[in-house]
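Biologist: Hi! Could you walk me through this model? I'm new to this, so plain words please.

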4 protein chains.
Amino acid sequence: MDDQHTTVAQLRQAVAGFIHQRRWQQFHDPKNLAMSIAIEAAELMEHFQWLRSDQLAAATRSPRALRQIRDELADVMCFLLSFANTLEIDLSSAVRHKLVKNARKYPARKYRGRFQ
Amino acid sequence: MDDQHTTVAQLRQAVAGFIHQRRWQQFHDPKNLAMSIAIEAAELMEHFQWLRSDQLAAATRSPRALRQIRDELADVMCFLLSFANTLEIDLSSAVRHKLVKNARKYPARKYRGRFQ
Amino acid sequence: MDDQHTTVAQLRQAVAGFIHQRRWQQFHDPKNLAMSIAIEAAELMEHFQWLRSDQLAAATRSPRALRQIRDELADVMCFLLSFANTLEIDLSSAVRHKLVKNARKYPARKYRGRFQ
Amino acid sequence: MDDQHTTVAQLRQAVAGFIHQRRWQQFHDPKNLAMSIAIEAAELMEHFQWLRSDQLAAATRSPRALRQIRDELADVMCFLLSFANTLEIDLSSAVRHKLVKNARKYPARKYRGRFQ
């Protein structure tokens with residue numbers, strides 16, 4: 001079951017089930033989950049901490065490095081899904097809504113190839 | 001189109017389209033994206049920075065606060081999806097694989113109601 | 001040599017010496033150091049990740065926990081000092097200048113006991 | 001009063017005074033302060049978010065950019081000093097102790113010019 005055949009709701013349910021089986025909802029309040037997302041994001045950053053821009057392609061080529069990076073990304077994603085579960089936020093609408101907002105803020109013509 | 005009817009691949013494509021229209025792929029290397037996830041996670045944390053655990057329920061009840069929190073969560077999600085796009089990581093498999101790994105590390109019986 | 005008898009410049013020199021002996025200045029650019037401060041800050045957060053506000057006092061009472069927390073705080077501080085060294089920022093003036101700015105933004109009378 | 005003539009204790013007192021005048025000690029528990037350090041570290045990162053390694057020197061040359069970066073660094077430092085105040089951690093001993101520990105972990109000869 002890959003991204004092509006998995007709905008966001010299915011991923012949310014997988015995480016919700018894991019939390020429920022351990023009775024961890026009591027710890028998963030929005031403050032702790034925002035912290036947890038930040039903590040896992042930092043562990044993801046660690047993989048690139050001392051690399052120059054021109055070293056990134058080589059560093060992400062090894063299957064072993066990629067596996068570790070994938071696991072860290074999954075950790076961020078799990079807490080993000082749990083956060084969405086806790087506050088009952090629909091992620092798909094949230095992302096689409098934010099892209100519309102950002103498209104107004106950064107019109108494609110003006111920002112082509114420039115980030116500011 | 002909500003989480004129930006949106007595949008992870010569809011969300012990835014929405015973000016990829018946004019980036020492509022602005023020719024921003026050049027900036028979206030794994031190091032910059034890991035930083036960006038962490039930066040947006042910090043903006044999410046800001047909403048809870050000074051709140052005690054017992055104040056969280058009230059603070060997340062107002063529609064205005066919820067809208068801002070939803071927007072910050074969307075920002076984290078957009079960069080996370082772009083990271084997955086850049087390194088071609090299948091998020092659904094990554095999350096499922098990590099949950100299996102975590103289930104071994106934290107057996108439900110032993111960790112019921114305890115996080116350590 | 002404790003905080004009472006150590007100047008900020010002495011701490012900066014201790015860190016600069018450590019970096020110089022390893023020829024690590026090449027890695028200590030402002031981007032990598034800002035990331036490193038954030039990474040170590042996340043490791044500091046980890047100690048409090050799942051604790052409720054009312055559990056913090058007990059959790060920071062054990063000498064073993066305190067030693068670990070002190071080490072994480074030192075890691076943040078070392079990268080912060082190295083950042084100041086790299087961009088030749090005087091930390092004492094920077095802090096005093098920011099406190100004056102914040103005192104204007106948060107007048108003591110108006111913000112007594114309130115953070116917003 | 002610059003880094004050459006300021007003790008760490010003097011900086012700590014400046015921050016403690018600011019907090020005390022506003023009766024903000026109640027908010028400055030270790031969890032909130034660790035979050036705050038991470039939040040300010042993220043704001044510092046933002047200045048370098050989309051820059052390649054070879055663009056950093058130019059980007060940190062303008063006095064206006066440097067002033068903003070100095071203010072963000074001061075924010076990280078203020079919360080770090082408040083954290084040290086709250087848990088009564090001596091920063092100078094903590095840094096020296098950690099440098100000794102790191103010197104054992106990364107012997108200068110072996111790690112000259114290499115970070116791993």
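Biologist: At what angle do the axes of helix α4 of chain A and helix α5 of chain B cross?

Modeller: The axes of α4 (residues 63-87) of chain A and α5 (residues 91-105) of chain B cross at roughly 90° and come within 8 Å. Axes here are lines fitted to C-alpha atoms, for helices over the stretch in contact, with angles from 0 to 180 degrees between N-to-C directions. Helices are DSSP runs (H or I, at least four residues), numbered from the N terminus. Before we go on: this is a predicted model, where local features need pLDDT of at least 70 and side-chain atom pairs pLDDT 80 or more, while totals for chains, interfaces and linings use all residues. Residues are numbered from 1 along each chain as its sequence is written, chains are lettered from A and ligands numbered from 1 in the order in which they are written, and side-chain values use heavy atoms, without hydrogens and water.

Biologist: What do we call that arrangement of α4(A) and α5(B)?

Modeller: α4(A) and α5(B) are therefore roughly perpendicular to each other, a label for angles of 65 to 115 degrees.

Biologist: Which residues meet there?

Modeller: On the α4(A) side they include Arg70(A), Asp71(A) and Leu73(A), and on the α5(B) side Leu91(B), Ala94(B) and His97(B) are among them. Contact means heavy atoms within 4.5 Å. By class, the contact of α4(A) with α5(B) has eight nonpolar, two polar and five charged residues. Ala, Val, Leu, Ile, Met, Phe, Trp, Tyr, Cys and Pro count as nonpolar, Asp, Glu, Lys and Arg as charged, and the others, Gly among them, as polar.

Biologist: New topic! What turn lays chain A on chain B?

Modeller: A turn of 180° with a shift of 0.0 Å along the axis does it, with an RMSD of 0.0 Å. That is the relation of a two-fold axis. The superposition is by least squares on C-alpha atoms of residues with pLDDT of at least 70 in both copies.

Biologist: Which residue of chain A comes closest to the rotation axis?

Modeller: Thr7(A), with its C-alpha at 2.0 Å. Both copies use the same surface, as 100% of the contact residues of chain A recur in chain B.

Biologist: Now, how many cavities are there?

Modeller: Three of 30 Å³ or more turn up in the whole structure. On a 1 Å grid over the protein atoms alone, a cavity is a set of points where a 1.4 Å probe fits but cannot get out, and lining residues have an atom within 4 Å of a point.

Biologist: What volume does the largest cavity have?

Modeller: About 80 Å³. Its lining has 14 residues, and Ala38(A), Ala38(B), Met45(B), Ala38(C) and Ala38(D) are the closest to its centre. The lining of the largest cavity divides into 14 nonpolar, no polar and no charged residues.

Biologist: And which classes line the second largest cavity?

Modeller: Four nonpolar, four polar and five charged residues.

Conventions: On a 1 Å grid over the protein atoms alone, a cavity is a set of points where a 1.4 Å probe fits but cannot get out, and a pocket is an open set with protein on both sides within 12 Å along at least five of seven lines; lining residues have an atom within 4 Å of a point. Grid points are joined across faces, edges and corners, and a volume is the space filled by probe spheres set on the points. Helices (H or I, at least four residues) and strands (E, at least two) are DSSP runs, numbered from the N terminus. Angles under 35 degrees count as roughly parallel, over 145 as roughly antiparallel, 65 to 115 as roughly perpendicular and the rest as oblique.
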